[in-house]
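Subject: Structure for your files

Hello,

Here is the structure you were due to receive. Please open it before reading the notes underneath.

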Amino acid sequence: MQEAVKFIESNLPDGSNGLWALLHCDQWNAIGELEWIPQAVLKKALDINLVGTLRMTQFFLPIVRRGKGRIIFLSSAMSKIYNPVRGIQTAINNAIESFALCLRSEMRRHGVQVIVVAAGEFTSGTAWLDNEELCEQAKTMWKNMNDSMRFEIMDEKYFESTIRQLERYTKVTVDLTPCIHTIIDAIQRAFPLPRYTPITQEEKIKTLIADYLPYAIYDVIYN
């Protein structure tokens, strides 16, 4: 990260005071119920999605601040939509969005914009999985469980079918155009929105129910 900052600083256009935009979009998923996820997998998800994002922001803030630029975080509709086997992903997205709110307040006096693009399902990484990869993840987690954990789950078929709930996302043809247009707007617009939500109609409905109705109603409909 330090080398990247040095490279960018030494290659800024003539007359430029700093960097105009930093876009965070690296994500890696830990999928499964909490008890199933190995510690190494959990640590990797936190290191890449959360700690890595915070460290990258720290390194780049000085040159973004000098350029009075903007920092853009690519989040997901999963920050508002709660589903089984995706607790780690949802928690990380909420953490990123909460951090962005605090950073926005810190950077306001420096003229730096902080923007969240909470896009649709594809940003979570599940749309990049295929059936074979999902099955392989399930087998690996099952193999790493101790005997008492397997006994409580009772049935390997239940375990695998729970993981395979995500298969429907691997069969969706994702249109990236709305998200790309949103990111371009966040980078180029003189007065960008603090939060963009390029999501599907289904995701909008689920988000509205999660935000504005009692959770019991969301639970009855979706869980």
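The notes below cover the sheet, the helices on it and the cavity.

This is a predicted model, in which local features need pLDDT of at least 70 and side-chain atom pairs count only at pLDDT 80 or more, while totals for chains, interfaces and linings use all residues. Residues are numbered from 1 along each chain as its sequence is written, and side-chain values use heavy atoms, with hydrogens and water left out.

Sheet. Four strands (DSSP E runs of at least two residues, numbered from the N terminus) make an open, parallel sheet in the order 1-2-3-4; pairing requires at least two DSSP bridges. Strand 1 (21–24) and strand 4 (195–196) each have a single partner strand, so one side of each has no neighbour in the sheet. Two bridges join strand 3 (residues 113–119) to strand 4, and V117 lies opposite Y196.

Helices (DSSP H or I runs of at least four residues). Helix 2 (residues 39–66) packs on the sheet and touches strand 1 and strand 2 (70–76), where contact means heavy atoms within 4.5 Å. Helix 3 (residues 87–107) also packs on the sheet, touching strand 2, strand 3 and strand 4.

Cavity. The search found one cavity of 30 Å³ or more (points on a 1 Å grid where a 1.4 Å probe fits but cannot get out; lining residues have an atom within 4 Å of a point). The largest cavity has a volume of about 160 Å³, taken as the space filled by probe spheres set on the points. Of its 16 lining residues, D26, Q27, N49, I92 and N93 are the closest to the centre. Helix 3 gives the largest share of the lining, four residues.

Regards

How values were computed
Axes are lines fitted to C-alpha atoms, for helices over the stretch in contact, and angles run from 0 to 180 degrees between N-to-C directions. On a 1 Å grid over the protein atoms alone, a cavity is a set of points where a 1.4 Å probe fits but cannot get out, and a pocket is an open set with protein on both sides within 12 Å along at least five of seven lines; lining residues have an atom within 4 Å of a point.
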